[in-house]
Amino acid sequence: MFITFEGIDGSGKSTQIGLLAAHLRESGRQVAATFEPGDGSLGRELRPILLDLKNSGLCDRAELFLYLADRAQHVSEVIAPALRGGAVVLCDRFVDSTLAYQGYGRGLDLAMLRELNALAVAGTAPDLTLVLDLAPQVGLARAKARNLGAGAQDSEGRFEALALDFHNRVRGGYLELAKGEPERIRVVDAGRRPGEIFEDVRCLVDEKLGGAR
Ligand code: ADP
Ligand code: TYD
């Protein structure tokens with residue numbers, strides 16, 4: 001079972017993955033929690049390039065290929081082996097991030113992005129995707145406060161520095177994607193307290209997992 005979490009910056013994905021991983025482990029399941037960009041050997045090198053404010057000059061196509069390179073290696077090194085080993089894999093961002101950010105956000109062609117994503121993931125596809133939906137003003141304020149607290153306002157701040165308009169397009173993109181694939185992509189209202197959001201997340205995941213272990 002492969003579950004991905006999506007949403008604008010600061011929408012609470014890491015928080016919900018932490019809660020869900022604990023819940024699933026308590027119910028006896030093997031869980032692997034991972035994220036993009038940056039988990040795995042290549043990703044560790046790519047993440048700082050992708051997120052540091054000093055790289056604001058990256059062109060859209062170079063940015064795209066770095067995310068895809070990260071994903072291809074992440075799938076073969078981390079996600080596919082964990083799935084083969086029987087884990088429930090929880091991933092913070094995956095293919096829909098590229099459609100939302102590089103497609104709806106940057107304006108690259110969606111059909112082309114789908115083809116390139118297919119090449120990168122080599123058949124590994126999420127069974128369930130939860131989009132944490134939130135007003136960008138709120139998400140960005142949370143993400144900026146988190147980065148400031150961690151002293152990472154520059155090293156992790158390249159997307160947070162983009163105009164609100166960009167983040168509104170990304171949010172709208174996620175909602176469009178969900179409309180196109182309502183079985184796989186479920187939208188959760190992320191403008192509530194973590195525990196309330198988690199109630200919805202838990203229900204959707206338990207429903208998908210059914211009784212199977
Ligand atoms: P993401 O992984 O989507 O960027 P995080 O889980 O890191 O989001 O959350 C961003 C910041 O907002 C963190 O400081 C986190 O503690 C806080 N946060 C997460 N969920 C909520 C919530 N429902 N309400 C208020 N603050 C939240
Ligand atoms: P992340 O660390 O998840 O940021 P946050 O915790 O603030 O949500 O992701 C880093 C940034 O990378 C985020 O702004 C979205 C962007 N991104 C893309 O533009 N395309 C992609 O394919 C991925 C995976 C991420």
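These legends accompany several close-up views of a predicted model.

In this predicted model, local features need pLDDT of at least 70 and side-chain atom pairs count only at pLDDT 80 or more, while totals for chains, interfaces and linings use all residues. Residues are numbered from 1 along each chain as its sequence is written, chains are lettered from A and ligands numbered from 1 in the order in which they are written, and side-chain values use heavy atoms, with hydrogens and water left out.

**View 1. Ligand 2 and its polar contacts.**
Start with the neighbours: 18 residues lie around ligand 2, and D9, Y67, R93, T98 and Q102 come nearest. A residue is near a molecule if one of its heavy atoms lies within 4 Å of it. Look next for the polar contacts, which are pairs of N or O atoms within 3.5 Å; within protein, one atom must be able to donate a hydrogen and the other to accept it, and residues adjacent in sequence count only if both atoms are side-chain atoms. The side chain of R93 places an N or O atom 2.7 Å from an oxygen atom of ligand 2. For Y67, a polar side-chain atom is 2.8 Å from an oxygen atom of this ligand. R47 joins in too, with a side-chain N or O atom 2.9 Å from an oxygen atom of ligand 2. On its own, ligand 2 has 540 Å² of accessible area, and the protein covers 95% of that. Accessible areas come from the Shrake-Rupley method with a 1.4 Å probe, and for residues only the protein chains shown count as cover.

**View 2. The shell around ligand 2.**
Three helices, α2 (41-51), α3 (60-84) and α4 (95-105), each supply at least two residues of this shell. Helices (H or I, at least four residues) and strands (E, at least two) are DSSP runs, numbered from the N terminus. With four residues, α4 provides the largest share. Sorted by class, the shell around ligand 2 holds nine charged, five nonpolar and four polar residues. Here Ala, Val, Leu, Ile, Met, Phe, Trp, Tyr, Cys and Pro count as nonpolar, Asp, Glu, Lys and Arg as charged, and the others, Gly among them, as polar.

**View 3. Ligand 1 and its closest residues.**
Around ligand 1 you will find 13 residues, the closest being K13, S14, T15, R146 and R192. S14 has a side-chain N or O atom 2.5 Å from an oxygen atom of ligand 1. The side chain of T15 likewise brings an N or O atom to 2.5 Å from an oxygen atom of the ligand. At R192 the backbone takes part: one of its polar atoms is 2.8 Å from a nitrogen atom of ligand 1. The protein covers 73% of the 560 Å² of accessible area that ligand 1 has on its own.

**View 4. The shell around ligand 1.**
Helix α1 gives the most to this shell, with three residues. By class, six residues of the shell around ligand 1 are charged, five are polar and two are nonpolar.

**View 5. E36 and H74, a buried pair.**
E36 belongs to the loop between β2 (31-35) and α2, whereas H74 is in helix α3. Their side chains are joined by a polar contact of 2.9 Å. E36 counts as buried because its relative accessible area is 5%; buried means under 20%, exposed over 50%, and partly exposed in between (1.4 Å probe, protein chains only). H74 is buried as well, at 1% relative accessibility. Between the C-alpha atoms of H74 and D109, which are 35 residues apart along the chain, the separation is 24 Å.

**View 6. D52 in its loop.**
You can find D52 in the loop between α2 and α3. Its relative accessible area is 15%, so D52 is buried. The side chain of D52 also reaches the backbone nitrogen of K54, at 2.9 Å.

**View 7. L64 and R61 on helix α3.**
Helix α3 carries L64 and R61. L64 is buried, at 2% relative accessibility, whereas R61 is exposed, with a relative accessible area of 56%. L64 and Q102 are 38 residues apart in sequence, yet their C-alpha atoms are 6.7 Å apart in space. For R61 and F35, 26 residues apart along the chain, the C-alpha atoms are separated by 22 Å.
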